[in-house]
Amino acid sequence: MSPRVIVIGAGFGGIAVGIGLLQAGVEHLTVLDKGDRVGGVWRDNDYPDCACDIPAVLYSFSFALNPDWSCRFPPRAEIQSYLEDIVERFGLRPHLRLRTEVTAATFDEDTQTWSVETASGDRLECDVLVSAVGQLARPVTPQIDGLGSFGGASFHSAEWDETVDLDGRRVAVVGTGASAIQIVPAIAERAAQVTVFQRSAPWTLPKPNRRYGSVKRLVGRAVPATLKAGRAATWAVTSAMSLAVTGNSIAGALFTAVSTGQRRLQVRDRALREKVTPDYDMGCKRVLFTSRWYPALERSTVDVVTDPVERVTPSGIVTADGVEHLADVLVFGTGFAATEFLVPMTVTGRGGTQLAEYWKDGAHAYLGMTVPDFPNLFLVYGPNTNTGSTSVVYFHEAQARYIVQAVRLLSAMRGGTLEVREEVEGDFDRELQTRLGGMVWSGCESWYRTSGGRTVTNWPGMAGEYRRRTARLDPADYLVTAPVNRSAPAPAAKPRRRAGAAAS
Ligand SMILES: Cc1cc2nc3c(=O)[nH]c(=O)nc-3n(C[C@H](O)[C@H](O)[C@H](O)COP(=O)(O)OP(=O)(O)OC[C@H]3O[C@@H](n4cnc5c(N)ncnc54)[C@H](O)[C@@H]3O)c2cc1C
């Protein structure tokens, strides 16, 4: 019996799992997404100059290398087209159900099934539930006094309002994260004035973008090995960066020197350089790749304001020093609710356990994928599987491979459940938190950490380690429950087996 699988989310993660399952022969597959297209963050983030900041040869699927990228760091629209094309090419399209928002999922022990509720009131049933809802899918706009009184347009970077013309307008950009550093250089040329409100200065590294000519594309198509070589080289560079972020002092010193050198070279104005010099260790917050940020800040029409934002008035933003900064448009580059996983869905596991309650002190999952009390639930891009220095897609592929193994195992068992053993998940989490405690991320406030200080987004090691540890699903890590006979009345006591018992 091939299990019925529902995947929630059709971004890179959901697509990776969906294709993996199709290739493994899983027929009963449905991929749900609340959006009207696939693509996840690449569908949603349509702000000026939105592009990836990891070379696309690595920020793409290893099984679908693309010779047609127009440049090393292609713009959003190209990544979106790539994903749309992949969905067609690998036969995922018929399995998609778009415009379908999942509001709740409940596990029924008697039938060993997940019941999935949608916003329109539909109820779907499956044997295996995969959540691929992303970490950066819920934009956060800060609650600032007076925001509702603002007289002009105001929107979050992920909800860009393209009907608002910025030419010759005064634009206030709140935030200096990965989106803002792409937006500001893009709009600085056409806005009359851009005021950037900076809470903390980001560490940056140059973004050596390069256009790809027709010869390179031809070669890539004719000799795919060149794409693989490019991928391997990119992998090596990003691995060095991962080393820097995860505590290697030599790599750390090297990248810090490159970043400091970039700032010295690109910011001639001393006062501005002081303002944009970070006051925390490199890597604590996401390092941003840009070659255009500082030149944009140096323009006479761009101001960097470091006084804290206090309130919004009908005509602008007032900072703590009492100054009102006039603006026609407010743009919030203030990021996402990254530390809250699977929110706002209500996910109920075995014995009525609520996932939100289980994670009240911060999300955690075995290998970022499985949670005790939640049988046959698998997470993609779950807790502690983010990376600040290499491609998230690399992690997605590792997760897809692992989840395919789980579904294969369940298929061989002709049903039943896999539930990670509490002690396995607990040991894993303790190991991770011990390692994370000594790392750069614990030294500052960032979207990697909860308000309680727990780092819930990031993987503490190299991506290669994650790939190795997820390469083979060990049934001994799981409580394996034999299938119930769905046509028979519910059994009084379910047959539960430990550690890899071959249930059939
Ligand atoms: C602007 C931007 C640039 C980025 N650039 C890079 C980069 O260069 N390199 C890198 O490695 N990473 C980058 N990232 C990180 C990015 O989040 C990941 O690389 C990756 O795209 C995440 O894919 P995903 O499928 O896991 O999640 P998402 O892309 O967030 O997709 C999740 C999907 O789930 C759907 N969904 C959510 N909740 C529900 C629900 N309840 N019901 C139904 N559907 C639901 C959403 O609609 C969405 O389509 C970037 C992120 C952003 C926002």
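**Chatting about the ligand shell and N458**

Reader: Which helix gives the most to the shell around the ligand?

Author: Helix 2 does, with three residues. Helices here are DSSP runs of H or I with at least four residues, numbered from the N terminus. This is a predicted model, where local features need pLDDT of at least 70, side-chain atom pairs count only at pLDDT 80 or more, and totals for chains, interfaces and linings use all residues. Residues are numbered from 1 along each chain as its sequence is written, and side-chain values use heavy atoms, leaving out hydrogens and water.

Reader: ok, and which helices each supply at least two residues of that shell?

Author: Helix 1 (12-23), helix 2 (41-44) and helix 11 (392-412).

Reader: Which residues come nearest to the ligand?

Author: Out of 33 around the ligand (a heavy atom within 4 Å), the nearest are G13, D33, R43, D53 and Y59.

Reader: What about backbone atoms, how far is V102 from the ligand?

Author: A polar backbone atom of V102 sits 2.9 Å from a ligand nitrogen. For K34, a backbone N or O is 3.1 Å from a nitrogen of the ligand, and for F12 a backbone N or O is 3.2 Å from a ligand oxygen.

Reader: Switching topic: where's N458?

Author: N458 is in the loop between helix 12 (422-437) and helix 13 (463-469).

Reader: Is N458 buried or exposed?

Author: N458 is buried (under 20% relative accessible area, 1.4 Å probe, protein chains only), as its value is 0%.

Reader: So what's touching N458?

Author: Skipping neighbours within four places in sequence, N458 has contacts (heavy atoms within 4.5 Å) with N384, T385, N386, L436, W441 and Y448.

Conventions:
Polar contact = N/O pair within 3.5 Å; in protein donor to acceptor, adjacent residues only side chain to side chain. Buried < 20%, exposed > 50% of the residue type's maximum accessible area, 1.4 Å probe, protein only.
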